[in-house]
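I opened the model today to see how its helices pack and where its backbone does something unusual. My notes follow in the order I looked things up.

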Amino acid sequence: MRKYLIMILVVMSVVLGAFYAYFSRSMFIDFRPNAPVSAIFRAEGDAIMYQDPDGFYTPLTLRGVEMPPSTPGHMAWDFGANAYDYYRWFGYIDAMNANALYVPNIMDSNFYYALYNFNTKNDRPLLLLQGVDGYDYNSLTSAFKEAIDIIHGRRINLFDSSGVEVFLSDVSPWVVGFLVGLDWDPDEITFMNHFEPDLLDRFEGEFFRAAEGASRFEVMLAQVMDTATSYESRKFKVQRPIGFISNPAIDFLEYAPAYATQLRKYVQLDAENILPSEAMMAGTFAGYRLFPFAEDFIDYLTVNQYEALAPILADLDRSCIYNGYLDLLAQYHSMPVIATGFGFSTGRAPSRMDEPPLNEQQQGEALAKTVMQIEESGWGGSFISTWQDTWERRTWNTAFSSDPWRYQYWHNLQSVDQWYGLMAFEPGRYARPVLIDGKADEWDETHRVHQYDGISIYAQYDMEGLNLLIRGEGVSPQNTLYLPIDVTPHSGTSVFDDLEFERPANFLLILSGEENSRLLVNRRYDATYQRFYEEMTGVNPFTIPFPSKWDSEFVPITLALQNTLVIEASLFERLTDEARELRRLPSWDTGILTHGTRDPANPDFDSLADFCFGEDLVEVRLPWMLLNFYDPSYMQVHDDYYERFGVEGIRIQEIYIGIAMAGGEVSMSPIPLHGWRNQVYTHERLKQSYFMMQEFWSDEDGF
């Protein structure tokens, strides 16, 4: 009996070990080494091809969206969406006449389960371009094996941080290809090329080899692509196209030293340096994330690079978007070229001097124009980035101003990178608490916080900002209203011209008609001054006399912008005062307010509107960051910069506000603040740009 039990335990251990090795560790034995390998999709010429039921290959133009795992109240790696969310989004995407999805990394099981169910229940399945990210050969190949097992429904992760996760949904019939990497860091590539001892100088595998002269990083990518293809070919007897991701900052173009230094363009990745063998029947493609980088790139090329590309450069149409860059890539590459990400933000503030804010209509126009020119240039397809707005993303010129661990709990209207989606997440379970439309429908007496001289101020707040209603006789575009706002007890001013405030104010809201309304900040509380003054002027603000705690000057609220100016090589190399001045960071007056209605049902809808006049009233939306909130979910604002030497948060329980139409004393009343901590309630809204792309993709000729 004892031997019998031991034998059972041994058998069970072997079975469980084999189960674990196969489903969780990507180990297997190829029992069909001579079985034929198929390819439902393959890269051929300048197109991705798919095999129809009769066995013939037909060209396919990918029209899709990038879908990151982002939802309000969660970091991306938390995978906040459930299967129902994904299924609903797939329906929206299908209704938009798109045919594909791109995910930049492995998703959770809910995503693949929803995709399987959607595709098996619909006549038009959505294709999937699966991205796989990692930082070196080992991490990438391990992630690829996991991704391949997942798309075939053969993966069980037993020791994930979130617990056991089971992937049993076989979506492989709709996976059009794999994409290696996400946004490679130029410094990382440089390090690997020159200082990584474990990288090979050359490689020739069964399915891919590195061309003569390929960089060590490209050799590593060839190894990864070969290993991934070998794994799927042997284990599942199928291949699919595979490529790696690039972008204008790391593409194959080589710039002259002076221009390369200004643009930080000092590494090159070239898909032509990774060559498929005859055994790789599915082929390869070049994936590019597109963004404005160097409009006059042709003028920055080295002499040798220009001569090598002269036949292509001579015929480029430089009037198109990206100044001929799309045509250049299409003509240079001997494989399909896919735009794996491009987009335009609907945030109210920019981050570059050459990219002013766009409303949703302008976003839609820009997207449609880009897709049209991508397809006219002969690319194999494109993916709009992104499907949904992404609250947890940071932008370089606003990141310093907020708690880096709490981004996902509020929506920063000032952060460009949070607003690229075709679908918005808006505050409120079913509708916005306040819609800025010049109507008082959402307001009652419980919201009134201040009254003076026949004018009342009402206040509500949500996860995007502070909403105000100013109502009373004389409230109109023809009269100027002054509203002092006291946010922090540590600084402020009690005077402005002939106005005298009851409390020291940090901000002054001036409502002066539809064109001249703005929010000003007290000079001591100017966040951009203390953070970017040196980059803007060359002078460190902490080495000169600080503005006093009770400084009496109000100044414009600005944001630092990326300087996209590329100056002449001769001027740059001399490092003259003129060159330094030209390279200073410019700024954007983000305190200027835009008049309009934010009602999507209104023909005059403007998603960038900050305030709207109505009959004897005006509604105003003030973004949290515009009021120097560090974490509005906990009602933390910026503490004193010059005592803390930078931005730190301080908790408050109220802010004060008042109003005046003329000189004299201005009384101020509190607005109680409680925050919402981690309780984030939102609803989805398809942006105006969504419906514009829906119309564009329903008509081969576009608009």
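**Entry 1: H2 and H3.** I began with the handedness of one helix pair in this predicted model. H2 and H3 make a right-handed crossing. Helix H2 covers residues 83-95 and helix H3 covers residues 109-121. I read a crossing angle of roughly 45°, with the axes coming within 8 Å. Angles from 35 to 65 degrees are neither roughly parallel nor roughly perpendicular, so the pair is oblique. Next I listed who touches whom. H2 brings Ala83, Tyr86, Tyr87, Phe90, Gly91 and Asp94. H3 answers with Asn110, Phe111, Tyr113, Ala114, Leu115, Asn117, Phe118 and Lys121. Sorted by class, this contact has nine nonpolar, three polar and two charged residues.

**Entry 2: H4 and H6.** I moved on to helix H4 (residues 137-151) and helix H6 (residues 216-236). Their axes are 10 Å apart, at an angle of about 30°. The cut-off for roughly parallel is under 35 degrees, so H4 and H6 qualify. H4 passes H6 in a right-handed crossing. On the H4 side I noted Tyr137, Leu140, Thr141, Phe144, Lys145, Ile148, Asp149 and Ile151. On the H6 side I noted Met220, Gln223, Val224, Thr227, Ala228, Tyr231, Glu232, Lys235 and Phe236. The class split for H4 with H6 is ten nonpolar, three polar and four charged.

**Entry 3: H5 and H6.** H6 also meets helix H5 (residues 186-195). How do the axes of H5 and H6 cross? I get roughly 95°, and the axes come within 7 Å. That falls between 65 and 115 degrees, so H5 is roughly perpendicular to H6. From H5, I find Ile189, Met192, Asn193 and His194 in the contact. From H6, I find Arg216, Phe217 and Met220. Four of these residues are nonpolar, two polar and one charged. I flagged Met220, since H6 uses this residue against H5 and also against H4.

**Entry 4: H11.** I then checked helix H11 (residues 527-537) from end to end. What caps the N-terminal end of H11? Asp526 does: one of its side-chain oxygens lies 3.2 Å from the backbone nitrogen of Thr528. Just after H11, Gly538 has a positive phi of about 90°. The buried residues of H11 are Ala527, Thr528, Tyr529, Gln530, Phe532 and Met536. They pack against three strands, E26 (558-560), E27 (587-589) and E31 (636-638), and against helix H14 (641-644).

**Entry 5: E15 and the loop after it.** I went to strand E15, where Phe383 lies. Is Phe383 buried or exposed? Phe383 has 0% relative accessibility, so I count this residue as buried. Its C-alpha lies 8.8 Å from that of Val371, twelve residues away along the chain.

Ser385 is in the loop between strand E15 (381-384) and strand E16 (423-427). Its relative accessible area is 7%, below the 20% limit, so Ser385 is buried too. I looked for side-chain partners and found Arg289, in a polar contact at 3.4 Å. Leaving out neighbours within four places in sequence, Ser385 is in contact with Glu66, Arg289, Gly341, Phe342, Gly343 and Tyr420.

The backbone here needed a second look. The peptide bond that joins Ser385 and Thr386 is cis, with omega about 15°. Thr386 sits in the loop between E15 and E16.

**Entry 6: positive phi outside glycine.** Which phi values are positive in a residue other than glycine? I noted Arg677, with phi near 55°. Arg677 is in the loop between strand E35 (668-672) and strand E36 (682-686). Arg677 is partly exposed, at 36% relative accessible area.

I also noted Asn323, with a positive phi of about 60°. Its loop runs between helix H8 (303-313) and helix H9 (325-332). Asn323 has a relative accessible area of 9%, so I logged this residue as buried.

Definitions and conventions:
Residues numbered from 1 in each chain as written. Predicted model: local features only at pLDDT ≥ 70, side-chain atom pairs only at ≥ 80, totals over all residues. Heavy atoms only, no water. Axes fitted to C-alpha atoms, helices over the stretch in contact; angles between N-to-C directions. Helix = DSSP H or I, 4+ residues; strand = E, 2+ residues; numbered from the N terminus. Parallel < 35°, antiparallel > 145°, perpendicular 65-115°, else oblique. Left-handed = near helix turned anticlockwise from the far one by under 90°. Contact = heavy atoms within 4.5 Å. Nonpolar A, V, L, I, M, F, W, Y, C, P; charged D, E, K, R; others polar. Buried < 20%, exposed > 50% of the residue type's maximum accessible area, 1.4 Å probe, protein only. Polar contact = N/O pair within 3.5 Å; in protein donor to acceptor, adjacent residues only side chain to side chain.
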